[in-house]
Amino acid sequence: HLTTEIKDNCIQGTVTKSTYLGGRVEYEVDTSMGELFAVDHKSAEAIPSGEKVSVEIGTMGIALVGE
C-alpha cells in the first residue's frame with residue numbers, strides 16, 4: 001500500500017511512474033532499497049510521479065522478483 005502520508009515505520013520513496021489501468025494503479029517507486037513495483041487495487045486515482053510516499057508491506061499478496 002502506498003500513502004502520501006510519511007510514516008516512520010514504512011519504506012520511504014518517490015513515485016517514478018504511475019499508471020491507472022481501470023481496476024488498479026501500478027507504481028514504480030524509487031527507494032533506498034532499490035526500485036519497487038506496487039499494484040494498488042483500491043485507489044481510483046494514481047499518485048503522480050515525483051510524489052514522496054511511504055510504502056507499507058502487507059501480509060498477503062507479496063511477490064519478490066529477482067533480476
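**Reading a five-stranded sheet and its salt bridges**

Q: What kind of model is this, and what is the mean pLDDT of the chain?
A: This is a predicted model. The mean pLDDT of the chain is 87. Of its residues, 97% reach 70 or more.

Q: Where in the chain is confidence lowest, and where is it highest?
A: Confidence is lowest in β1, with a mean of 83. It is highest in β2, at 95.

Q: How do I read a sheet, and what is the order of the strands here?
A: Start with the general idea. Strands of a sheet pair through backbone hydrogen bonds, either parallel or antiparallel. Now this structure. Five strands form an open sheet in the order β1-β5-β2-β3-β4. The pairing is antiparallel.

Q: Which are the edge strands?
A: They are β1 and β4, the latter covering residues 34-40. Each of them pairs on one side only.

Q: How many bridges join β1 to β5?
A: Two. Strand β1 spans residues 2-3, and β5 spans residues 52-55. They run antiparallel. To find the register, look at L2, which stands opposite V55 in β5.

Q: What joins β5 to β2?
A: Four bridges, again with the strands antiparallel. Strand β2 takes in residues 11-20. Here Q12 faces you as a marker: S54 in β5 stands opposite Q12.

Q: How many bridges join β3 to β4?
A: Seven, and these strands also run antiparallel. Strand β3 holds residues 25-31. Within this pair, V29 is set opposite L36 in β4.

Q: Now the side chains. How do I read a salt bridge, and how many are there in the whole structure?
A: Look for a side-chain nitrogen of Lys or Arg within 4 Å of a carboxyl oxygen of Asp or Glu. A search of the whole structure finds two such salt bridges. In one, the side chains of E56 and K7 meet, at 3.5 Å from N to O. This pair links distant parts of the chain, 49 residues apart. E56 lies in the segment after β5, and K7 in the loop between β1 and β2.

Q: Which residues form the salt bridge with 3.0 Å between the closest N and O atoms?
A: E26 and R24.

Q: Why does K7 count as partly exposed rather than buried?
A: Buried means under 20% relative accessible area, and exposed means over 50%. K7 has 23% relative accessibility, so K7 counts as partly exposed. Its partner E56 is partly exposed too, with a relative accessible area of 27%. For R24 the value is 31%, so R24 is also partly exposed.

Technical notes. Residues are numbered from 1 along each chain as its sequence is written. This is a predicted model: local features need pLDDT of at least 70, side-chain atom pairs count only at pLDDT 80 or more; totals for chains, interfaces and linings use all residues. Side-chain values use heavy atoms; hydrogens and water are left out. Two strands pair if DSSP finds at least two bridges between them. Buried means under 20% relative accessible area, exposed over 50%, partly exposed in between (1.4 Å probe, protein chains only). pLDDT is the predictor's confidence in each residue, from 0 to 100.
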